[in-house]
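Dear colleague,

I am handing over the structure we spoke about, and you will find it just below. Please open it beside this message, so that you can follow each part as you read.

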Amino acid sequence: MALHGADVWQDGKLMPVLDFSSNVNPLAPPKGLMDDLRKYVRLSKYYPEPDARSARNALAKFHGLKPENIIIGNGANELIHLFFEAVPRGRTLIIAPTYSEYEQAAIGHGHQPYFHVVQYPFKTNLNEVIIKKDTSLVFLCNPNNPTGEVLNKHEVLSFYEEVVRAGATLVLDEVHMDLSDKEAETLMEEASDRLIVLRSLTKLLGVPGLRLGYSISSHEVSKKIDSVRPAWNVNVLAIEIINHWLNKEFFNKSREYAQRERTFLGDALRDLGLEVFPSHANYFLIKLKRKTANEIKVSLLKKGILIRDASSIRGLDEHYVRIGVLNHSKNLILIKSLKETADQLGGL
């Protein structure tokens, strides 16, 4: 099983921590959403729509797309697994360091993953990527997790042409695009037979426990994904949230707030002497100079703060952590705790 952040459970109980290991919208959930969820619970005595049709219609209207081009999953993770079932088995190219579930899903579904590993300082040059024969899928995360790098759409489209020439399909993972200051680089409208765009509402609405992911592709590809999708994979609460909480005003406000806090937290972390990589997403990749990721994680956990040890991510080592951007008061607590930790451990 791939290792991820946001593991706030211990022996079936929530740990009393500030969770900087995830990257949920610092303004979420929007006011009123949790009250609505309590009302929607009454629908749990019914089976949900088998194809989440009403939610697909809502997303299509919101984005100016067609419902038949959208498939909703039990989180973006489920869709990643479905993609592998919807295409012929073959090789899978993964551009790393990146989200570890791509590799795990490829292996689990009988595909053969191989990698283009971007070296420090993690500036991706897609012109250097070589696509091998018999490649079925190519995974590119934009904004990339964990580096926060965003590639412009012209670079990605040029790379996409190479993917098509190789007879493969590009999966463009944009689940972190909503809170980015580079949302103009999205390729949702360019989704096609050979380009699947992956998005999520989980973090944007602050309901990761509900699992809200969706893919955008051509109608033909969507039908293939739908053919391997389990019936009732989207629960009634998730469907109702999509139907009633696609709020552009809240999303824009969240994006602006996240950008301000990202600037504040990035500067504060650099003032502590940490190497903080430039990020256009709601998190930072950080390289520690003196201590290991596990040492810092354990020390901060004693102070009630959880961060992401990034050492398990291909292309990184034991000196990398990822820290999410929360609201201002919580970010201040993190900075104070990091200063105390630096004093206790003799540096970071």
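A good place to begin is the pair formed by strand β12 (residues 283-287) and strand β15 (residues 320-324), which run antiparallel to one another and are joined over 5 bridges. Please keep in mind throughout that this is a predicted model. Within the pair, F284 stands opposite I323 of β15, and the two strands belong to an open sheet of 4 strands, whose order is β11-β12-β15-β14 with antiparallel pairing. At the edges of this sheet are β11 (275-276) and β14 (308-309), each of which pairs on one side only. As general background, the strands of a sheet pair through backbone hydrogen bonds, and they may do so in a parallel or an antiparallel way.

The next part to look at is helix α8 (residues 236-244), which is largely enclosed by the rest of the structure, because 7 of its 9 residues are buried. The buried residues are V236, L237, A238, I239, E240, I241 and I242, and they pack against α1, α2 (53-63), β4 (70-73) and α6 (202-205). At the N-terminal end of α8 you will find N235 acting as a cap, with a side-chain oxygen that lies 2.9 Å from the backbone nitrogen of L237.

The interior can then be described through its nonpolar cores. The largest nonpolar core has 56 residues, and those with the most contacts inside it are F159, L201 and L205. Helix α8 gives the most to this core, contributing 6 residues. If you set aside the neighbours of L201 within four places in sequence, L201 is in contact with L59, L212, Y214, I242, L246 and F251. There is also a second, separate core of 24 residues, which includes I296, L300, V321 and L348.

Finally, I would ask you to look at S22, which lies in the loop between β3 (18-19) and α1 (33-40). Is S22 buried or exposed? Its relative accessible area is 12%, and since buried means under 20%, S22 counts as buried. The side chain of S22 makes a polar contact with the side chain of D19, at 3.3 Å. The C-alpha atoms of S22 and G324 are separated by 5.7 Å, although these residues are 302 residues apart along the chain.

With kind regards

Methods. Residues numbered from 1 in each chain as written. Predicted model: local features only at pLDDT ≥ 70, side-chain atom pairs only at ≥ 80, totals over all residues. Heavy atoms only, no water. Buried < 20%, exposed > 50% of the residue type's maximum accessible area, 1.4 Å probe, protein only. Polar contact = N/O pair within 3.5 Å; in protein donor to acceptor, adjacent residues only side chain to side chain. Contact = heavy atoms within 4.5 Å. Core = buried A, V, L, I, M, F, W, Y, C linked by side-chain atoms within 4.5 Å. Pairing = 2+ DSSP bridges.
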